[in-house]
Amino acid sequence: MPNAFCVYLIRNQHAYEFFFLSTGGMVRGHVALCIATLATFVRSGAAGILEWGRSNHIEVNIPWLPFENETRCYDELGCLNITRDWYHLIYRPFNVFPLARQVIDTRFILYTRKNPLQGQMLKVQSEKTIQKSNFDPKKPTKFIIHGFIDTPLSNWVKEMRRELLKHSDWNVIVVDWAGGSLPLYTQATANTRLVGLEIAYFINYLKDNVGLNPKHVHLIGHSLGAHTAGYAGERIEGLGRITGLDPAEPYFQGMPSHSRLDPSDAQLVDVIHTDGSSIFLLGYGMSEPCGHIDFYPNNGKEQPGCDLTETPLPLTLIKEGIEEASRVLVACNHVRAIKLFIESINSKCPYVAHKCNSYQNFLQGKCFSCKENDTGCAIMGLNTVRPNHAPGSKYFITTGKDTPYCSKYIHKENI
């Protein structure tokens, strides 16, 4: 069976990805991932768009093939293992253990209405940081978890926390795992498991020592951050909600539920899919349902406004800056889930999606009835509620190509 893998050469804090090739479909998928990731590195490195972590070196593990179970423990966090069911010849051919805790250096930064701009670092190891902070366990708590090659300094993280605090007087905690979100992608994928342990331990600590009710905790994760939230959720009893914003496809789609985000990870798991084209076509997000309720704006694939022939890159650069221009160029569809969720927080326009067995039937108007007890439709975004049917159904919605994306009636010229 054909195989392929990527190798990184690190020099002067820039990453250049080289890959060994053979023939076959699986290889084309890896090539797509390699090329897309390399494009991100070169553009971001040259322009200084993203701050990739806090260290000037990258440490990697060597891929390990399963002949027997192997387990590693991480102090008070617990243990992780890699067994045969973490492998698939096509979907997940390589697995490694996470990097050391001190390398990933997961951090929790609190924002409230009392400190909306200047975050407060919360550390379990230093209880005073929690006691002296503005954290209020009686208020709902929202966690924001970034993804691959991303940091809390990204504009979307700032915008999301600002909109959340505008909506309500909540605890908003940004999870900083920039030390582990660097390439290799395989290594970053493995690091999400340890970050999940860190988040779970942190929330359980707040539950046991401060009085936080996990039922009122909501994890919001993008891409790899969505699966990170899932790993955390499986170790938090009674976690209220996880929102997956276009969960990453490579190494997750087609895998067993324990290796990715799934409905058992929280009382409500809602997912917005916006880049579900195959990795062969440079799609970064999952297409298969993985929540209690899964939304597919514009069929969950090509998003309006992401065609560069319609929205010239220089115009985006002028209007929204170099970071946004880079995201549009490399992963416009993938980040659209973030934008839709952010807009839903304070928008007066409800994202009404309809349950349907196919996007074609949805476009033909065969699924516009909400039916009895509203079982045929649902609100996408912050105000999503758990449906009263089994997971696996798809909800479709049409959005516009630019802000505001939501409209009660989307006109043809805005699609």
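Strand E13 (residues 352-355) and strand E15 pair in the antiparallel sense over 2 bridges, two strands being taken as paired if DSSP finds at least two bridges between them. Helices (H or I, at least four residues) and strands (E, at least two) are DSSP runs numbered from the N terminus. The structure is a predicted model, in which local features need pLDDT of at least 70 and side-chain atom pairs count only at pLDDT 80 or more, whereas totals for chains, interfaces and linings use all residues. Residues are numbered from 1 along each chain as its sequence is written, and side-chain values use heavy atoms, with hydrogens and water left out.

Within the pairing of E13 with E15, Lys355 stands opposite Tyr395 of E15. Strand E15 (residues 394-397) also pairs with strand E12 (residues 293-297), here in the parallel sense and over 4 bridges, and in E15 Phe396 is the residue that stands opposite Tyr296. These strands belong to an open sheet of 11 strands with mixed pairing, arranged in the order E6-E5-E8-E7-E9-E10-E11-E12-E15-E13-E14. Strand E6 (115-122) and strand E14 (377-379) stand at the edges with a single partner strand each, so that one side of each is left without a neighbour in the sheet. On average, neighbouring strands of this sheet are turned by 25° against each other, direction ignored; axes are lines fitted to C-alpha atoms, for helices over the stretch in contact, and angles run from 0 to 180 degrees between N-to-C directions.

Elsewhere in the sheet, strand E5 (residues 107-112) and strand E8 (residues 171-176) pair in the antiparallel sense over 5 bridges, with Leu110 opposite Ile173 in E8. Helix H4 (residues 155-167) packs on the sheet and touches E5, E6, strand E7 (141-145), E8, strand E9 (217-222) and strand E10 (241-245), while its direction makes about 170° with that of E7; contact means heavy atoms within 4.5 Å.

A further packing arrangement involves helix H5 (residues 185-209) and helix H6 (residues 224-233), whose axes come within 7 Å and cross at roughly 40°. The two helices are therefore oblique to each other, given that angles under 35 degrees count as roughly parallel, over 145 as roughly antiparallel, 65 to 115 as roughly perpendicular and the rest as oblique. H5 passes H6 in a right-handed crossing, the term used if the near helix is turned clockwise from the far one by less than a right angle. Tyr185, Ala188, Thr189, Thr192, Arg193, Val195, Gly196, Ile199 and Ala200 of H5 make the contact with Leu224, Thr228, Tyr231 and Ala232 of H6. The residues of this contact divide into 8 nonpolar, 4 polar and 1 charged, where Ala, Val, Leu, Ile, Met, Phe, Trp, Tyr, Cys and Pro count as nonpolar, Asp, Glu, Lys and Arg as charged, and the others, Gly among them, as polar.

Local backbone geometry was also examined. Most residues other than glycine have a negative phi, and most peptide bonds are trans. In the loop between E9 and H6 lies Ser223, a residue other than glycine whose phi is positive, near 60°. A cis peptide bond with omega of about 5° joins Pro183 and Leu184, and Leu184 lies in the loop between E8 and H5. Another cis peptide bond joins Thr403 and Pro404, with omega of about -5°; Pro404 is found in the segment after E15.

With a disulfide defined as a pair of cysteine sulfur atoms within 2.5 Å, the count comes to 5 disulfides. One of them joins Cys73 to Cys79, with an S to S distance of 1.9 Å. The torsion about the S-S bond of Cys73 and Cys79 is about 95°, so this disulfide is right-handed.
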